[in-house]
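Work through the exercises below with the sequence and the coordinates at hand. Each task is followed by a solution in steps.

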Amino acid sequence: MGSSQNSTNSFKTSSFCSEDCCCVGVKKDGETFVVTNTTGGQPEVKFTQDEWEAFIKGVKNGEFDPEKL
C-alpha cells in the first residue's frame, strides 16, 4: 500500500495507491481544492468547495465507477 501523504509536495494520496505507480494527489489551498497526478510535472486542477463537495458525493454514490464512465 502507498503512503497517505506525499511529503515532497504536500499532496495527500490514497492508502490504496501503489508506491510503484502514479496516484491522484489532493491538497487544500485556502478555500480551493487542488488535484494533480503525483508522478510530477503534471498540471494541477483547482476546484471550489462546492465543486469538490459535489464530486465527493458523486464518488460516494458510485457515479464515477469505471463501468459508468
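The exercises concern a predicted model and go from the overall fold to strands, helix, aromatic rings and surface.

**Exercise 1. Overall content**

Task: State how many helices and strands the protein has, and give their pattern along the sequence.

Solution. Step 1: the secondary structure consists of one helix and five strands. Step 2: read along the sequence, these elements follow the pattern β-β-β-β-β-α. Step 3: of the 69 residues in the protein, 22% are buried.

**Exercise 2. Pairing of β3, β4 and β5**

Task: Determine in which sense β3 and β4 pair, and over how many bridges. Then do likewise for β4 and β5.

Solution. Step 1: β3 covers residues 24-29 and β4 covers residues 32-37. The two strands pair in the antiparallel sense, over six bridges. Step 2: individual partners can be read off. G25 stands opposite T36 of β4, and K28 has F33 in β4 as its bridge partner. Step 3: two residues separate β3 from β4, and the two strands form a hairpin. In the turn, G30 has a positive phi of about 70°. Step 4: β4 is also joined to β5 (residues 45-47) by three bridges, and these two strands run antiparallel. Here V34 has K46 in β5 as its bridge partner.

**Exercise 3. The position of K46**

Task: Decide whether K46 is buried or exposed, and find how far its C-alpha atom is from that of V26.

Solution. Step 1: K46 belongs to strand β5. Step 2: its relative accessibility is 54%. The cut-off for exposed is over 50%, so K46 counts as exposed. Step 3: K46 and V26 are 20 residues apart in sequence, and their C-alpha atoms are 9.7 Å apart in space.

**Exercise 4. Length of helix α1**

Task: Check the span of α1 against the value expected at 1.5 Å a residue.

Solution. Step 1: α1 runs over residues 49-60, which makes twelve residues. Step 2: the expected span is 1.5 Å times one less than the number of residues, so α1 should span 16 Å. Step 3: the end C-alpha atoms of α1 are 16 Å apart, which agrees. Step 4: just after α1, G62 takes a positive phi of about 80°.

**Exercise 5. Aromatic rings**

Task: Count the aromatic pairs, then classify the pair F33 and W52 and the pair W52 and F55.

Solution. Step 1: with ring centres required to lie within 6.5 Å, the count comes to four aromatic pairs. Step 2: F33 and W52 are one such pair, with 5.3 Å from centre to centre and 5° between the planes. Planes under 30 degrees apart count as stacked, so this pair is stacked. Step 3: F33 lies in strand β4 and W52 in helix α1, so the pair ties together parts that are 19 residues apart in sequence. The C-alpha atoms of W52 and F33 are separated by 6.9 Å. Step 4: F33 is buried, with a relative accessible area of 10%, and W52 is buried, with 14%. Step 5: the rings of W52 and F55 have centres 5.6 Å apart and planes at 40°, so this pair is tilted. Both residues lie in α1, three residues apart, about one turn of the helix. Step 6: F33, F47, W52, F55 and F64 form one aromatic cluster.

**Exercise 6. A nonpolar surface patch**

Task: Name the residues that make the nonpolar surface patch and give its area.

Solution. Step 1: F55, V59, F64 and L69 make the patch, of about 400 Å². Step 2: members of a patch need over 30% relative accessible area. F55 is partly exposed, with a relative accessible area of 36%. V59, which lies in helix α1, also counts as partly exposed, at 38% relative accessibility. Step 3: F55 belongs to the aromatic cluster as well as to the patch.

Notes: Residues numbered from 1 in each chain as written. Predicted model: local features only at pLDDT ≥ 70, side-chain atom pairs only at ≥ 80, totals over all residues. Heavy atoms only, no water. Patch = residues over 30% accessible without salt bridge, like charges linked within 9 Å, V, L, I, M, F, W, Y side chains within 5 Å. Areas by Shrake-Rupley, 256 points an atom, 1.4 Å probe, with all protein chains shown as cover. Salt bridge = Lys/Arg side-chain N within 4 Å of Asp/Glu carboxyl O. Helix = DSSP H or I, 4+ residues; strand = E, 2+ residues; numbered from the N terminus. Buried < 20%, exposed > 50% of the residue type's maximum accessible area, 1.4 Å probe, protein only. Pairing = 2+ DSSP bridges. Phe/Tyr/Trp six-rings, centres within 6.5 Å; stacked < 30°, edge-to-face > 60°.
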